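Colleague: Could you take me through one part of this model slowly, starting at the surface and then working inward? I'm new to this, so please explain the terms as they come up.

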Amino acid sequence: MKVIGLDIGTTTICAIAVDAENGEVLKSNTLPIDTFLENVKTFEKIQNASVILDKALSLVESLGEEYDDVVSIGV
């Protein structure tokens, strides 16, 4: 049995596959979040949520394809 952990940070998204029985980290993938949008207020850092979602789904799907016995995903 495997579980997937997903961490969506401000600069990267990381997904890991863990063996649920012994806690061993089997694989870890990280993508940069380079989705900041240009805006008129210099104090704001606005990101494109659609791009972040696409990247997160891509990471989870790739681990799900590699490990067919994933039973849960933690975000």
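Modeller: Sure, let's start with a nonpolar surface patch of about 310 Å², made by I8, I73 and V75. For a patch, residues need over 30% relative accessible area and no salt bridge; nonpolar side chains (Val, Leu, Ile, Met, Phe, Trp, Tyr) are joined within 5 Å, and like charges within 9 Å. The areas come from the Shrake-Rupley method with a 1.4 Å probe, and for residues only the protein chains shown count as cover.

Before going on, a word on the source: this is a predicted model, so local features need pLDDT of at least 70 and side-chain atom pairs count only at pLDDT 80 or more, while totals for chains, interfaces and linings use all residues. Residues are numbered from 1 along each chain as its sequence is written, and side-chain values use heavy atoms, with hydrogens and water left out.

Back to V75, which sits in the segment after β4 (70-74). Helices (H or I, at least four residues) and strands (E, at least two) are DSSP runs numbered from the N terminus. V75 is exposed, at 80% relative accessible area; exposed means over 50%, buried under 20%, and partly exposed in between (1.4 Å probe, protein chains only).

From V75 we can step inward through L6. Setting aside neighbours within four places in sequence, L6 is in contact with I13, C14, A15, A56, V60, G74 and V75, where contact means heavy atoms within 4.5 Å.

L6 also belongs to the largest nonpolar core, which has 12 residues, among them I4, I13, A15, A56 and V60. β1 (2-8), β2 (12-19) and α1 (49-66) each give two or more residues to this core, and α1 gives the most, with 5. Such a core is a set of buried Ala, Val, Leu, Ile, Met, Phe, Trp, Tyr and Cys residues joined through side-chain atoms within 4.5 Å.

Now for a charged pair that involves β1. D69 forms a salt bridge with K2, with the closest N and O atoms 3.1 Å apart. D69 lies in the loop between α1 and β4 and K2 in strand β1, so the pair ties together parts 67 residues apart in sequence. K2 is buried, at 14% relative accessible area, whereas D69 is partly exposed at 27%. A salt bridge here is a side-chain nitrogen of Lys or Arg within 4 Å of a carboxyl oxygen of Asp or Glu, and by that rule the count comes to 3.
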